[in-house]
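Welcome to this tour. Open the structure in your viewer, keep the selection tool at hand, and follow along one stop at a time.

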Amino acid sequence: MTTLLALDTATEACSVALLHDGKVLSHYEVIPRLHAQKLLPMIQTLLAEAGIALSAVDAIAFGRGPGAFTGVRIAIGVVQGLAFALDRPVLPVSNLALLAQRALREHGAEQVAAAIDARMDEVYWGCYQHNAGEMRLLGSEAVLAPEQVSLPAGVGGDWFGAGTAGAMQTGCRSLSRDRTPACCPTPSTC
């Protein structure tokens, strides 16, 4: 069975997860500007809880953004170092796609508008649709002013909003009344 280590530092949260023997262990902390100090100890703690050595990891996944530039760079640096030392493959994953996939898994959402606060009065935005068990991007991910966000033209049905609270509130307010997704207000539930 595959053992997968995953980490994410693209937002104010720092998280690590381990899939081993069909079980998932994870740690999640909201720690703005402390990712560099906390990430490696979080990985060590997680591996110790699972009772495995780092060498048992078969692949390493990471949140490739969009997100905070420094946070994404921290994840890339740690992943490159570990992957090079272990000679393991690296799996970059979109943070917006992760939000959409989680909304499918936890809420049964078939269409998801995902948003992350990009600061400077902008949001990272992507729209996803369920297809064969996973969420697929419709169009492209973008960084936009809130008044520029939109759901894909010609795609009807209900939409679910997932993402950081500020980004979702801003993005949902900017959509027209008849095209507003049912928004999930906090990242802890989406």
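**First stop: helix α1**

Select H35, L39, M42, I43, L46 and L47, which are the buried residues of α1. Turn the view until you look down the axis of α1: these buried residues fall within an arc of 130 degrees, so they line one face of the helix. Keep in mind as you look that this is a predicted model.

Now colour Q37, Q44 and A48, exposed residues carried on the face of α1 turned away from its buried side. A general rule helps in reading such patterns: an α-helix has 3.6 residues a turn, so residues three or four places apart point the same way.

Which elements do the buried residues of α1 pack against? Show β1, β2, β3 and α2 to see these partners. If you draw a line from the first C-alpha of α1 to the last, its 16 residues reach 22 Å, close to the 22 Å expected at 1.5 Å a residue.

Before leaving the helix, look at both ends. Just after α1 comes G51, with a positive phi of about 75 degrees. On the other side, in the loop between β3 (23-30) and α1, select R33. Is R33 buried or exposed? R33 counts as exposed, because its relative accessibility is 76%, and the cut-off for exposed is over 50%. Add E12 to the selection: E12 and R33 are 21 residues apart in sequence, while their C-alpha atoms are 7.3 Å apart in space.

**Second stop: I43 and L7**

Go back into helix α1 and pick I43. I43 has a relative accessible area of 3% and is therefore buried, since buried means under 20%. What does I43 touch, leaving out residues up to four places away in sequence? Select L5, L7, V16, V78 and L82 to display its contacts.

Stay with one of these contacts, L7. From C-alpha to C-alpha, I43 and L7 are 8.4 Å apart, although 36 residues separate them in sequence. Beyond its neighbours within four places in sequence, L7 is in contact with S15, V16, L39, I43, A61, F62, G63, A75, V78 and V79.

**Third stop: the nonpolar cores**

Widen the view. The largest nonpolar core has 22 residues, and those that touch the most other members are L5, L7, V16, L18, L39, I43 and I60. Elements giving two or more residues to this core are β1 (4-8), β2 (13-20), α1 (35-50), β4 (59-63) and α2 (69-86). The largest share, 7 residues, comes from α2. As a general matter, nonpolar side chains in soluble globular proteins tend to be buried together.

Another core, of 15 residues, lies apart from the largest one. To find it, select A103, V112, A114 and A118, which are among its members.

**Fourth stop: helix α2**

Next, select α2 itself. Its 18 residues reach 26 Å from first C-alpha to last, close to the 26 Å expected at 1.5 Å a residue. Colour its buried residues: G71, V72, I74, A75, V78, V79, L82, A83 and L86. Looking down the axis of α2, you will find them within an arc of 155 degrees, so they line one face of the helix.

Give a second colour to F69, T70, R73, Q80, F84 and A85, exposed residues on the face of α2 turned away from its buried side. The buried residues of α2 pack against β1, α1, β4 and β5 (90-93). Just after the helix, D87 takes a positive phi of about 55 degrees.

**Last stop: the whole chain**

Zoom out and switch to a cartoon view. The protein has 4 helices and 10 strands. Followed along the sequence, they make the pattern β-β-β-α-β-α-β-α-β-β-β-β-α-β. Of its 190 residues, 42% count as buried. Among contacts between residues at least 6 apart in sequence, 56% join residues at least 24 apart. Switch to a surface view, and the accessible surface comes to about 9900 Å², with 55% belonging to carbon and sulfur atoms.

Finish with the cysteines C14 and C127. C14 counts as buried because its relative accessibility is 0%; C127, with a relative accessible area of 4%, is buried too. How many disulfides does the structure hold? The number is 0.

Methods. Residues are numbered from 1 along each chain as its sequence is written. This is a predicted model: local features need pLDDT of at least 70, side-chain atom pairs count only at pLDDT 80 or more; totals for chains, interfaces and linings use all residues. Side-chain values use heavy atoms; hydrogens and water are left out. A disulfide is a pair of cysteine sulfur atoms within 2.5 Å. Buried means under 20% relative accessible area, exposed over 50%, partly exposed in between (1.4 Å probe, protein chains only). Contact means heavy atoms within 4.5 Å. Accessible areas come from the Shrake-Rupley method with a 1.4 Å probe; for residues, only the protein chains shown count as cover. A nonpolar core is a set of buried Ala, Val, Leu, Ile, Met, Phe, Trp, Tyr and Cys residues joined through side-chain atoms within 4.5 Å. The expected span of a helix is 1.5 Å times one less than its number of residues. The arc is that of the directions from the helix axis to the C-beta atoms.
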